[in-house]
Amino acid sequence: MIRTLVAFLILTFYLACSASEDALTARYEVHIVDDLNDAVNNLTVHCQSGDQNIPYRYLHPHEDFYFGFNLQIFNKSLFFCHFWWAGRQQTFDVYNKSYAQKCLRHDQDTNTCYWSVRSDGFYFANYPFPPLSSYWQKVYDWQ
């Protein structure tokens, strides 16, 4: 009888978590801004995670592309993007566990990470929008 009750409770907890994972985990947005100032060559971006494939985006100067997600339980979320521009490319994680704390916004419901794509590389900032020039930190170069 106790085994049946324990099995029932475990099953109920599992179903509740999978049905309402969005309600149980934090909301995040990743913004990617084309700061290349190149009207001839569009920035192409393709982002994905283990279970989400976000369609290719073709950004124009100063265009902001963003996507949102709720963290997976136990914060196993990871999103990476592949970038192409003027014969150059780069791939890196735009969100992973280490960014969870960097993107926290205690004053809003959605935590936000910002990436600025520039001719000399990729810059990260978390607050405010648009981030002041002193908030941006260069993280990656183009390959």
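**Loops, a sheet and two disulfides**

Visitor: Let's start with L132. Where does L132 lie?

Guide: In this predicted model, L132 lies in the loop between β8 (121-125) and β9 (137-140).

Visitor: And which residues form a nonpolar patch on the surface with L132?

Guide: Y127 and Y135 join L132 there, and together the three have about 280 Å² of accessible area.

Visitor: OK, on to the sheet. In what order do the four strands come?

Guide: The order is β3-β2-β5-β6, in an open sheet with antiparallel pairing. β3 (57-59) and β6 (88-95) are the edge strands, each pairing on one side only. On average, neighbouring strands are turned by 25 degrees against each other, direction ignored.

Visitor: How many bridges join β2 to β3?

Guide: Three, with β2 covering residues 43-48 and running antiparallel to β3. In that pairing, L43 of β2 stands opposite L59 in β3.

Visitor: And how many join β5 to β6?

Guide: Seven bridges there, again antiparallel, with β5 spanning residues 79-85. F79 stands opposite Y95 in β6.

Visitor: What about the hairpin of β5 and β6, which residue takes a positive phi?

Guide: That's A86, with phi near 50 degrees; the hairpin has two residues between the strands.

Visitor: Switching to cysteines. How many disulfides does a search of the whole structure find?

Guide: Two. With the bonded cysteines numbered in sequence order, they pair 1-2, 3-4.

Visitor: Tell me about C47. What is the S-S distance to C81?

Guide: The sulfur atoms of C47 and C81 are 1.9 Å apart. This disulfide links distant parts of the chain, from C47 in strand β2 to C81 in strand β5, 34 residues apart.

Visitor: Are those two cysteines buried or exposed?

Guide: C47 counts as buried because its relative accessibility is 0%. C81 is buried too, also with a relative accessible area of 0%.

Visitor: Why is the disulfide of C47 and C81 called right- or left-handed?

Guide: The torsion about its S-S bond is about 105 degrees, so the C47 and C81 disulfide is right-handed.

Visitor: Now the other one, C103 and C113. How far apart are the sulfur atoms?

Guide: They sit 1.8 Å apart. C103 is in the loop between α3 (97-102) and β7 (110-118), while C113 is in strand β7, ten residues apart.

Visitor: What's the handedness of the C103 and C113 disulfide, right or left?

Guide: Its S-S torsion is about 115 degrees, so the C103 and C113 disulfide is right-handed.

Visitor: Buried or exposed, C103 and C113?

Guide: Both C103 and C113 are buried.

Terms used:
Residues are numbered from 1 along each chain as its sequence is written. This is a predicted model: local features need pLDDT of at least 70, side-chain atom pairs count only at pLDDT 80 or more; totals for chains, interfaces and linings use all residues. Side-chain values use heavy atoms; hydrogens and water are left out. Two strands pair if DSSP finds at least two bridges between them. Axes are lines fitted to C-alpha atoms, for helices over the stretch in contact, and angles run from 0 to 180 degrees between N-to-C directions. Patches are made of residues with over 30% relative accessible area and no salt bridge: like charges are joined within 9 Å, nonpolar side chains (Val, Leu, Ile, Met, Phe, Trp, Tyr) within 5 Å. Accessible areas come from the Shrake-Rupley method with a 1.4 Å probe; for residues, only the protein chains shown count as cover. A salt bridge is a side-chain nitrogen of Lys or Arg within 4 Å of a carboxyl oxygen of Asp or Glu. A disulfide is a pair of cysteine sulfur atoms within 2.5 Å. Buried means under 20% relative accessible area, exposed over 50%, partly exposed in between (1.4 Å probe, protein chains only).
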